[in-house]
Amino acid sequence: MTETPPPPTGSDTPASDAGPLTDLIRRQIRATGPLSVPEFMTLALQHPEHGYYRRQQAIGAAGDFVTAPEISQVFGELLGLWLVQRWIDLGQPGRVSLVELGPGRGTLMADALRAASAMPGFLPAVDLVMVETNPTLQALQAEHLAAYNPRWVEALSAIEPEHPTLVLGNEFLDVLPTAQFAVVQGAWLERLVAVGEDGALGFVLGQPQTPVLPLLPPPADGLFTELMPSLLGFFKDLSALLRPHGGAALFIDYAHDDRAAAWSLQAVREHEKVDPLATPGLADLTTLVDFDAASRFARGVGLSVPKPVSQRDFLLVLGAWQRFEVLAEAAPDDAPELLQSLQRLVGKSHMGERFKAWTCSFPETLPPPAGFPTAEAGPAED
Ligand code: SAH
């Protein structure tokens, strides 16, 4: 299936409103030529001084966007119970590394560990590791998670595989830089960021710069696709962490339906969609996650991967409704608001269908994970 991508957009926002990165990017393009979208995203999100994820306090009602754990405590609680089940599946090891990628304000992990504390032995076993690049968010995480003695690293590859390991990432994969391609006259071209005659940043198609051509489908006219060039390396790092002592990872993200068959780069600032090129460093940039590519790469490095499920099915199978009923009974006045939050998480027109839960694990003999279709049919399901 192909979708027509949006027409190329330019940005004629004056430099003063466009933020300090626009000038820097313009100068770089004039010096060395158009940037690939991953190069542009890396600068916009991770530039040491001006990158969005280095400086912005993005998440929450006062920020640029709201995430599932900020909508309802039920989200983190159910994920916490899922992690406990995985720990039981791993044989209740006395030490387990619990790694969260992009932990935001620390809300998800705080809710997860509060729920998980009901399981004797789990909390004392946890070595909590946060992978976070944003110092402001690190400070918030430190505040919310002080009771659990976390430590911080900047990348998955910095973690030594010392124990069985559980990895969690909600809306983490969607910030990985993404390369975009289109087939023109039988060959893949790459979408690049260039400077127009008027000085504005705009998209053009050019010779591929991101070295992922062997990973793309055969070029057929009219085809569009996108791929995160760091995804293969990411799953190699994940495999190096999970394989020595066993473990599992769970990712939840806004996802392409099946495989990436369209361009999905988008920018959000103060809860509004904006032009991705207009204010680099001031807006969040994301793309849909291609869990089909993730499954191929993860299987390629020896991990077991069931089919992803919708966030709706995942949370409902884990007991979202039952948990809502308990909360609503305890605080009847809050019931309408609680119900609305649950709707936002599982409603088909809200996050329920477009967000997918995806998991992988090692070794193959681990029982099927809760909430995924193979688990429903599997022998270990109770
Ligand atoms: N999981 C959180 C936040 C999602 S937003 C939630 O559900 O609320 C993305 C998070 O990833 C932020 O915490 C951001 O600072 C972090 N992040 C972005 N790029 C990163 C990178 N390259 N490495 C580690 N963390 C990153």
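The following exercises, each with a worked solution, concern a predicted model.

Residues are numbered from 1 along each chain as its sequence is written, and side-chain values use heavy atoms, with hydrogens and water left out. Because the model is predicted, local features need pLDDT of at least 70 and side-chain atom pairs count only at pLDDT 80 or more, while totals for chains, interfaces and linings use all residues.

**Exercise 1. The two domains**

Task: State which residue ranges form domain 1 and domain 2, and describe the contact between the domains.

Solution.
1. Domain 1 consists of 1–65 + 179–227 + 258–276, and domain 2 consists of 68–173 + 229–255 + 290–317 + 344–362. Such bounds come from an automatic or database domain assignment.
2. The contact (heavy atoms within 4.5 Å) takes 18 residues from domain 1 and 17 residues from domain 2.
3. Taken over C-alpha atoms, the centres of the two domains are 28 Å apart.
4. About 1300 Å² is buried between domain 1 and domain 2, and carbon and sulfur atoms give 59% of this area. Buried area is the accessible area (1.4 Å probe) that two parts lose on being put together, summed over both.
5. On the side of domain 1, Arg-54, Gln-57 and Ile-59 lose the most area to domain 2, together 35% of what that side buries.

**Exercise 2. The make-up of the interface**

Task: Determine which elements of domain 1 supply residues to the side that touches domain 2, and which polar links cross the interface.

Solution.
1. The rule finds 0 salt bridges across the interface of domain 1 and domain 2, a salt bridge being a side-chain nitrogen of Lys or Arg within 4 Å of a carboxyl oxygen of Asp or Glu.
2. Between the domains, 1 residue pair is in polar contact, with both residues at pLDDT 80 or more. A polar contact is a pair of N or O atoms within 3.5 Å; within protein, one must be able to donate a hydrogen and the other to accept it, and residues adjacent in sequence count only if both atoms are side-chain atoms.
3. Helix H3 (37–46), helix H4 (52–55) and strand E10 (224–227) each supply at least two residues of the side of domain 1 that touches domain 2. Helices (H or I, at least four residues) and strands (E, at least two) are DSSP runs, numbered from the N terminus.
4. H4 gives the largest share of that side, 4 residues.

**Exercise 3. The ligand**

Task: Identify the closest residues around the ligand and the polar atoms that approach its oxygen atoms.

Solution.
1. The ligand is surrounded by 18 residues (a heavy atom within 4 Å), and the closest are Gln-46, Thr-67, Gly-102, Glu-132 and Asn-170.
2. From the side chain of Thr-67, a polar atom lies 2.6 Å from an oxygen atom of the ligand.
3. In the side chain of Asn-170, an N or O atom is 2.7 Å from an oxygen atom of the ligand.
4. Gly-104 places a polar backbone atom 3.0 Å from an oxygen atom of the ligand.

**Exercise 4. Individual residues**

Task: Locate His-50 and Gln-266, and list the residues that each one touches.

Solution.
1. His-50 is in the loop between H3 and H4. Not counting residues up to four places away in sequence, His-50 touches Pro-20, Leu-21, Ala-44, Arg-55 and Gly-281.
2. Gln-266 belongs to strand E12 (residues 266–269). With residues up to four places away in sequence not counted, Gln-266 touches Lys-273, Asp-284, Leu-285 and Thr-286.
3. The side chains of Gln-266 and Lys-273 make a polar contact at 3.2 Å.
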